[in-house]
Amino acid sequence: MTSTPSMDVSAARALIAANPDVLVVDVRTPGEYATCHIPGAINLPLDQVDAHLNRIVADAGGRLLLVCQAGGRATQACAKLAGAGLSGSTVLTGGMNAWKAADGPTSGADDDGTSRWGLERQVRLVAGGIVASSVLASVWWPPARYLAGLIGAGLTFAAVTDTCAMGMALARLPYNRGPRFDAEVTLRRLRGGPPAEQAAS
């Protein structure tokens, strides 16, 4: 099993500053991206990578730096791209959590004080809520405890496989959709085209 190419925040900032061909690709949900992202990054949600994989591989015009919240989704995207023949992609170690902790520059609604919960935090809320509710309900209906066990098993499987079915399901909720994802705009940027606001002017 080959390891995923990755780099820390300081190396990523130096790479971005020194190489204008590097394209930062944020694979979080549109809602997370709209809240806070690296300036100049484009949004390509992980759940859209498979749907557009062949075009992404064909259109990518430079080195890709893949970013998510903590690194897991970016690692999955990197593996998908490498499996389809696109080499040279790199994952930002620690994702946006590490970027913000290192005081990296950001853009988005967070700059105006409007924050949106990240997908990992939403998973913790939903999973914890289901477990707590199941344990409480089992006082009156004992089989409810099996639901808590099922969630625990699912979280264990998610950790072992570095995937999260609950996270992928939550990503499809309207709360996480944010601005409408436009695949054509993203693919144009991958080819080295201008940002949407420049292309429209």
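**Exercise 1. Determine which side chains meet Asp 50 and Glu 32 in salt bridges, and where the partners lie.**

Step 1. The side chains of Asp 50 and Lys 80 meet in a salt bridge, with an N to O distance of 3.0 Å. A salt bridge here is a side-chain nitrogen of Lys or Arg within 4 Å of a carboxyl oxygen of Asp or Glu. The model is predicted: local features need pLDDT of at least 70, side-chain atom pairs count only at pLDDT 80 or more, and totals for chains, interfaces and linings use all residues. Residues are numbered from 1 along each chain as its sequence is written, and side-chain values use heavy atoms, with hydrogens and water left out.

Step 2. Locate this pair. Asp 50 lies in the loop between H3 and H4, and Lys 80 in helix H5, 30 residues apart, so that the pair links distant parts of the chain. Helices (H or I, at least four residues) and strands (E, at least two) are DSSP runs, numbered from the N terminus. Lys 80 counts as partly exposed because its relative accessibility is 26%; buried means under 20% relative accessible area, exposed over 50%, and partly exposed in between (1.4 Å probe, protein chains only).

Step 3. Turn to Glu 32. Its salt bridge is with Arg 73, the closest N and O atoms being 2.8 Å apart. This pair also links distant parts of the chain, with Glu 32 in helix H2 and Arg 73 in helix H5, 41 residues apart. Glu 32 is buried at 3% relative accessibility, and Arg 73 is buried at 9%.

Step 4. Complete the list. The whole structure holds 3 salt bridges, among them one between Arg 28 and Asp 26 (2.8 Å, N to O). Arg 28 and Asp 26 are both buried. Side chains of opposite charge can pair when their charged atoms come close.

**Exercise 2. Examine the length of helix H5 and the placement of its buried residues.**

Step 1. Helix H5 covers residues 72-83, which is 12 residues. The expected span is 1.5 Å times one less than the number of residues. This gives 16 Å, and the end C-alpha atoms are 17 Å apart, which agrees.

Step 2. The buried residues of H5 are Arg 73, Ala 74, Ala 77, Cys 78 and Leu 81. Seen down the helix axis, they fall within an arc of 140 degrees, so they line one face of H5. The arc is taken from the directions from the helix axis to the C-beta atoms.

Step 3. Just after H5, Gly 85 has a positive phi of about 105 degrees.

**Exercise 3. Identify which element gives the most residues to the largest nonpolar core.**

Step 1. A nonpolar core is a set of buried Ala, Val, Leu, Ile, Met, Phe, Trp, Tyr and Cys residues joined through side-chain atoms within 4.5 Å. The largest has 20 residues, of which Val 25, Val 49, Leu 64, Leu 66, Leu 81 and Leu 190 touch the most other members.

Step 2. Two or more residues come from each of strand S2 (23-26), helix H3 (46-49), helix H4 (53-59), strand S4 (64-67) and H5. H5 gives the most, with 4 residues.

**Exercise 4. State whether Val 139 and Thr 35 are buried or exposed.**

Step 1. Val 139 is found in the loop between helix H7 (119-137) and helix H8 (145-161). Val 139 is exposed because its relative accessibility is 62%.

Step 2. Thr 35 lies in helix H2 (residues 30-35). Thr 35 is buried, with a relative accessible area of 6%.
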